[in-house]
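Dear colleague,

Please find below the structure that I am handing over to you. My findings follow directly after it, and I would be grateful if you could read them with the model open.

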Amino acid sequence: MRVVVQNTLTNRQWIGFDGPAGFTIGRDAACEIKLDSRFVSSQHVKIERSEVGWEIELFPGVNPIEVNGTEIAAGQKVQFKNQAQLKIMEFVLTIEDAVEISETGKGDEQLTDLLNVLHANVLRRLDLRLGALSSTSISQVIADQLNKIIDDLLLNDFRREVFESDLTQTIARTALRSRANEWVIRKMTQETLITAEWHGLGENTELEGPLEQAILKVVNKAGIYTGKPIPPNAEELVETSFKTAADGVLSELLETVRTYLIISYIKKTLYDIIFGLGPLEDLLRSPSITEIMVVHPRLIYIERNGRVSRIPQVFPSEEACLSVIERIVSPLGRRIDRSQPLVDARLRDGSRVNAIIEPLALSGPCITIRKFPQYRVGVDDLMRWRSITAPAVALLKACVQFRANILVSGGTGSGKTTLLNVLSGFIPHHERLVTIEDSAELKLQQEHVVSLETKPANAEGAGRYTTRDLVRNALRMRPDRIIVGECRGDEAVDMLQAMNTGHSGSMTTIHANSTADSIARLETMVLMGAEIPLPAVRRQISSAIHLIAQLDRQPSGLRLVSQISEVIGLHPTSGEVETRDIMKLVNLPNNQLALKATGYMPRFLGEMVEKGHLKLESWFEQVKTA
């Protein structure tokens, strides 16, 4: 059994457990999985082998947890088989049975070792000085040289290992799986050809025809046919049916086509490792994958449709993984080494990358990529996905146009940046906007936008510019609104001051599990950044923030707005910041979740109606039908 733990507040992930026996989860150091949270008991959960698979038992007196979306109370037990997802406070634990994930077995490990040796041999022979590298392609001279080197290695030194050993069938199956996945991605993205130049490395047009027919047989057995719409879960259908389809298809291939399949796969793999992003290339092209998580070079997980699962692709070596990280961060002027072992960066398409290496990452280089959508997500998309309702959209749109200061709150991967992008679309185009982010993700539709991005220190430790520095500078840039991609530290002080000093209509996001938590975190961040008494901090927050939109990610993968709350001031007795829910997520009789109006109206509703941002009759009708 393997357990991958993710802290949704810090976005840190690690392998919590990997072994055959049962284990305990808790705050105590004696627990096999230690979760450092005051809401987690010293011994919280016990997981043991049962007759049907595994049994999860909560110890008496502990806080409840969620198992696959269902709440389990203290003292209760629940059984599962092969896979389960636990939510314990801010931690999400993905549990997979070793039997289920053992498909990447001995044959795949041998293939990885072989690719590692081939990679080393190619690098020894390849002379990169013969051609100049660019950001998107290699020169034809290098392409020809690479093609010749790989052909020579495969047909001579490594002929027996590749074509005449027990490993041959594994290579052929892996190659066919890769080409089938590529075919599906090409159809889903409507590309005429996957934009990878390895296709030009010794491509044989005569053999491509029979190979294409073999690929069609594989996808047809998954229920996918040419001339018909590609289902959104096409990649999963191919993966599910591949095991039964592959053997029959491979046995029918001519020897020349089989050899060509193997050679072209190895060329593609080596090309991606040497000049691209290795196994990440195919994952980044997939439209259904939203997150890529490299736990260590030989263990990669993805999130697809809200579900986290392990995939067979791996890096051939730790050095190859480090090389890919360097290839990502170098064009951005950032670095990663043992003296600066973590870095935030972005890819050309805007996808956010976090990389961490030794000595901080104990198991080897760790990469987390939050993929950026290939198209701009709009409000219609959110409503189609059931992430938000029409009444909630009308309210938020009116609040943005009214210039209310909005805080978007939620856990990791709940859709905060996506909602912030959508809300920014409601801002009038004549206003001057300044956006501030660690890694640029926001894609605003307006023309008058100044985008700022933080900068880490250089090798000498100088030249660092933080979010707080940029917020302070933004105040001198005559912005109508300031949009901070995420408040996570002392920049909250300057953000609140900006909201209180004429920059109304500003927006930011924060990591929190509820509206109350978001206020508490904001208080903590302000206290970290300035020596201000807590009552003064609370007065600042109550006057600066008008509205809080809370997002949640459900176990099914659905991301939705769960609360829209108004900040109404300070409690007369406790002095705490008070909020009131305007809309809240409720369970309907058919077990469906829906965002419903609570009956309370925003205090500034009258002003929004008076200025024409919201029709009063429309609002009451929305409350009635919501």
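I begin with a phenylalanine: F275 has a relative accessible area of 18%, which places it among the buried residues because the limit is under 20%. Please bear in mind throughout that this is a predicted model.

F275 has an aromatic partner. Searching the whole structure gives 2 aromatic pairs. In one of them, the ring centres of Y271 and F275 are 5.5 Å apart and the planes meet at 45 degrees, so this pair is classed as tilted. Both residues belong to helix α8, where a spacing of 4 residues corresponds to about one turn of the helix. Y271 is buried as well, with a relative accessibility of 8%.

The other pair consists of F402 and F604, which are stacked, with 5.3 Å from centre to centre and 10 degrees between the planes. This pair links distant parts of the chain, its members being 202 residues apart. F402 sits in the loop between α12 (390-401) and β18 (406-410), and F604 in the loop between β26 (593-597) and α18 (605-610). Both rings belong to buried residues: the relative accessible area of F402 is 16%, and the relative accessibility of F604 is 8%.

Next, the nonpolar cores. In soluble globular proteins, nonpolar side chains tend to be buried together. The largest nonpolar core here has 50 residues, and L118, V162, L176 and I266 are the members that touch the most others. At least two residues of this core come from each of α2 (106-125), α3 (140-157), α4 (159-163), α5 (168-188), α6 (205-221), α7 (234-252) and α8 (255-275). Helix α8 provides the largest share, with 11 residues. As for L176, its contacts beyond four places in sequence are I215, V218, F242, A246, V249, L250 and L261. Another core lies apart from this one; it has 38 residues, including A392, V422, L423 and M608.

Turning to the strands, which residues of β1 point one way, and which the other? R2, V4 and Q6 point one way, V3, V5 and N7 the other, and all are buried. Since 6 of the 6 residues of β1 (residues 2-7) are buried, this strand is largely enclosed by the rest of the structure. Strand β1 runs antiparallel to β11 (residues 91-96), and 6 bridges join the two. Within this pairing, V5 stands opposite L93.

There is also an open sheet of 5 strands with mixed pairing, in the order β4-β3-β5-β6-β9. Its edges are β4 (33-34) and β9 (77-80); each has a single partner strand, so one side of each is left without a neighbour in the sheet. Inside this order, β3 and β5 (residues 45-49) are antiparallel and are joined by 3 bridges. T24 of β3 is found opposite K46 in β5.

Two loop positions also deserve a note. The first point concerns K371, in the loop between β17 (366-370) and α11 (379-384). Is this lysine buried or exposed? With a relative accessibility of 11%, K371 counts as buried. Its side chain reaches two backbone oxygens: that of S286 at 2.2 Å and that of L283 at 3.4 Å. Leaving out residues up to four places away in sequence, K371 touches L283, L284, R285, S286, P287, I289, T290, I292 and S351.

The other position is G19, in the loop between β2 (12-18) and β3 (23-26). G19 is buried, at 13% relative accessibility. Its C-alpha atom is separated by 40 Å from that of I519, which is 500 residues away along the chain.

Finally, some overall values. The protein contains 19 helices and 26 strands. Its C-alpha atoms fill a box of roughly 80 × 60 × 55 Å along the principal axes. The radius of gyration is 27 Å, which agrees with the value near 25 Å for a compact globule of 626 residues. Of the 626 residues, 52% are buried. Among contacts with a separation of 6 or more, 56% are between residues 24 or more positions apart.

Yours sincerely

Notes: Residues numbered from 1 in each chain as written. Predicted model: local features only at pLDDT ≥ 70, side-chain atom pairs only at ≥ 80, totals over all residues. Heavy atoms only, no water. Buried < 20%, exposed > 50% of the residue type's maximum accessible area, 1.4 Å probe, protein only. Polar contact = N/O pair within 3.5 Å; in protein donor to acceptor, adjacent residues only side chain to side chain. Contact = heavy atoms within 4.5 Å. Pairing = 2+ DSSP bridges. Core = buried A, V, L, I, M, F, W, Y, C linked by side-chain atoms within 4.5 Å. Phe/Tyr/Trp six-rings, centres within 6.5 Å; stacked < 30°, edge-to-face > 60°. Rg over C-alpha atoms; globule rule 2.2 N^0.38 Å.
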